[in-house]
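I opened the notebook on this chain with a short list of places to look up. The entries follow the order in which I went through them.

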Amino acid sequence: MYCHRMIANAPSLPRNGWKMRKYVDSPTHCRFPIHQITDGIKEQNLRDQITAETCLSRNHLTPELQLNLITHSCRLWTCDPKHSPFRDPFWAFYWPGGQAVSRFVLDNSQIIKGKKVLDFGSGCGASGLAAKLCRAKQVTFNDIDEAAIESVLLNGLKNKLTIDDVSTANLVGTKCHHYDVILVGDMLYDAEFANEVLSWLKGIHESGSLVLIGDPGRFALAYHPLKTSLRCLGKYELSQSTMLENNGHSQAFVWTFT
């Protein structure tokens with residue numbers, strides 16, 4: 001089954017041909033929807049395609065947000081990958097690290113209100129949308145997949161939140177010091193990429209920004225040397241369905257640099 005194979009292996013290095021996409025694409029930054037063709041789907045039809053292939057869900061740690069996600073009731077949950085209109089739709093799942101960061105943001109709105117926020121690897125956009133609910137001054141949603149950005153725009157519309165800044169840039173290694181808060185949910189999915197991302201985030205932290213990292217205990221963070229530079233801000237129990245979809249992870253954590 002398409003989604004069982006996809007979820008069971010990702011973000012823990014898929015073995016079935018689905019690959020987590022590292023941030024190596026050409027930079028694009030804008031304040032409006034991306035007008036490009038994504039895997040044969042014209043941008044103007046992409047939102048309708050996402051709506052048709054996902055379901056609105058509040059069955060997660062942040063029921064304040066309704067999100068278009070691939071769930072058990074969706075066709076893509078069981079279909080063969082070759083019949084999917086999307087390439088690697090990881091943005092259509094609400095990973096446990098992202099759920100933890102979003103929940104932490106909603107429960108601690110004072111750290112977000114009036115701040116400039118970057119939702120790095122935004123996927124469905126839940127963490128950034130949580131920041132919008134907490135009255136962030138400005139939120140940039142960053143994901144290299146144009147379909148993910150369209151998903152963010154759709155989820156913003158469903159939650160009556162204005163999306164004012166989106167980016168498909170490869171931001172790893174770039175200066176993002178102008179952001180007050182960086183949100184990172186479940187982006188540490190393999191050792192090599194985790195090393196790049198954590199080194200980059202540590203530099204941003206040292207410049208004065210608050211970095212919040214959500215992770216359910218994946219090996220790439222658990223055994224990374226920089227783990228000793230992190231302290232835990234929050235721990236969340238995952239639902240039974242989320243556990244089954246994510247290799248049995250029962251908890252998710254929010255970390256920041258000391």
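Which residues is Ser229 in contact with, once its neighbours within four places in sequence are left aside? I worked on a predicted model, and there I found Ser229 in contact with Lys202, Thr256, Phe257 and Thr258. I placed Ser229 in the loop between helix H7 (219-222) and strand E11 (230-237). With a relative accessible area of 18%, Ser229 falls under the 20% cut-off and is therefore buried.

**The chain as a whole**

I then stepped back to the overall counts and noted 8 helices and 12 strands in the protein chain. Of the 258 residues in the protein chain, 59% are buried. I also looked up how far along the sequence the contacts reach: among those between residues at least 6 apart in sequence, 71% join residues at least 24 apart.

**Strand E10 and its partners**

I turned next to strand E10 (residues 210-215), which I recorded as mostly covered, since 5 of its 6 residues are buried. Which way does strand E9 (residues 181-185) run against E10, parallel or antiparallel? I found the two strands parallel and joined by 5 bridges, and within this pairing Ile213 of E10 is the bridge partner of Val184. The chain passes from E9 through helix H6 (residues 191-206) to E10, and I noted this β-α-β crossover as right-handed.

With strand E12 (residues 251-257), E10 pairs in the antiparallel sense, over 3 bridges. Here I entered two facing positions: Ile213 stands opposite Trp255 in E12, and Asp215 stands opposite Phe253 in E12. Ile213 thus appears twice in my notes, as the bridge partner of Val184 and as the residue opposite Trp255.

I followed E12 further and found that E11 also pairs with E12 in the antiparallel sense, over 7 bridges. In that pairing Gly234 stands opposite Val254 in E12. Like E10, which is mostly covered, E12 is mostly covered, with 6 of its 7 residues buried.

**Two helices side by side**

How are helix H3 (residues 96-107) and helix H4 (residues 126-133) placed, in angle and in distance between their axes? I read an angle of about 5 degrees between them, with the axes 8 Å apart. Angles under 35 degrees count as roughly parallel, so I described H3 and H4 as roughly parallel to each other. On the H3 side the contact is made by Gly98, Val101, Ser102, Val105 and Leu106, and on the H4 side by Ala126, Ser127, Ala130, Ala131 and Leu133.

**Tyr179**

I looked up Tyr179 in the loop between strand E8 (166-167) and E9, where its relative accessible area of 6% makes it a buried residue. Not counting residues up to four places away in sequence, Tyr179 touches Lys116, Val117, Leu118, Gln138, Thr140, Asp165 and Ser209. I also noted the separation between Tyr179 and Val139, which are 40 residues apart in sequence and 9.0 Å apart in space, taken from C-alpha to C-alpha.

**Two positive phi values**

Most residues other than glycine have a negative phi, and for that reason I made separate entries for the two residues below.

I noted that Lys160 has a phi near 55 degrees, a positive value in a residue other than glycine. Lys160 lies in the loop between helix H5 (146-158) and E8. Is Lys160 buried or exposed? At 80% relative accessibility Lys160 lies over the 50% cut-off, so I entered it as exposed.

For Asp186, too, I noted a positive phi near 55 degrees, again in a residue other than glycine. Asp186 lies in the loop between E9 and H6, and is buried, with a relative accessible area of 3%. I set the pair down together: Lys160 is exposed, whereas Asp186 is buried.

**Cysteines**

My last search was for disulfides, and over the whole structure I found 0 of them. I checked the surroundings of two cysteines as well. Cys79 counts as buried because its relative accessibility, 12%, is under 20%. Cys232 has a relative accessible area of 39% and is therefore partly exposed, between the 20% and 50% cut-offs.

Technical notes. Residues are numbered from 1 along each chain as its sequence is written. This is a predicted model: local features need pLDDT of at least 70, side-chain atom pairs count only at pLDDT 80 or more; totals for chains, interfaces and linings use all residues. Side-chain values use heavy atoms; hydrogens and water are left out. Buried means under 20% relative accessible area, exposed over 50%, partly exposed in between (1.4 Å probe, protein chains only). Helices (H or I, at least four residues) and strands (E, at least two) are DSSP runs, numbered from the N terminus. Two strands pair if DSSP finds at least two bridges between them. A crossover is right-handed if, with the strands pointing away from the viewer, the path from the first strand over the helix to the second runs clockwise. A disulfide is a pair of cysteine sulfur atoms within 2.5 Å. Contact means heavy atoms within 4.5 Å. Axes are lines fitted to C-alpha atoms, for helices over the stretch in contact, and angles run from 0 to 180 degrees between N-to-C directions. Angles under 35 degrees count as roughly parallel, over 145 as roughly antiparallel, 65 to 115 as roughly perpendicular and the rest as oblique.
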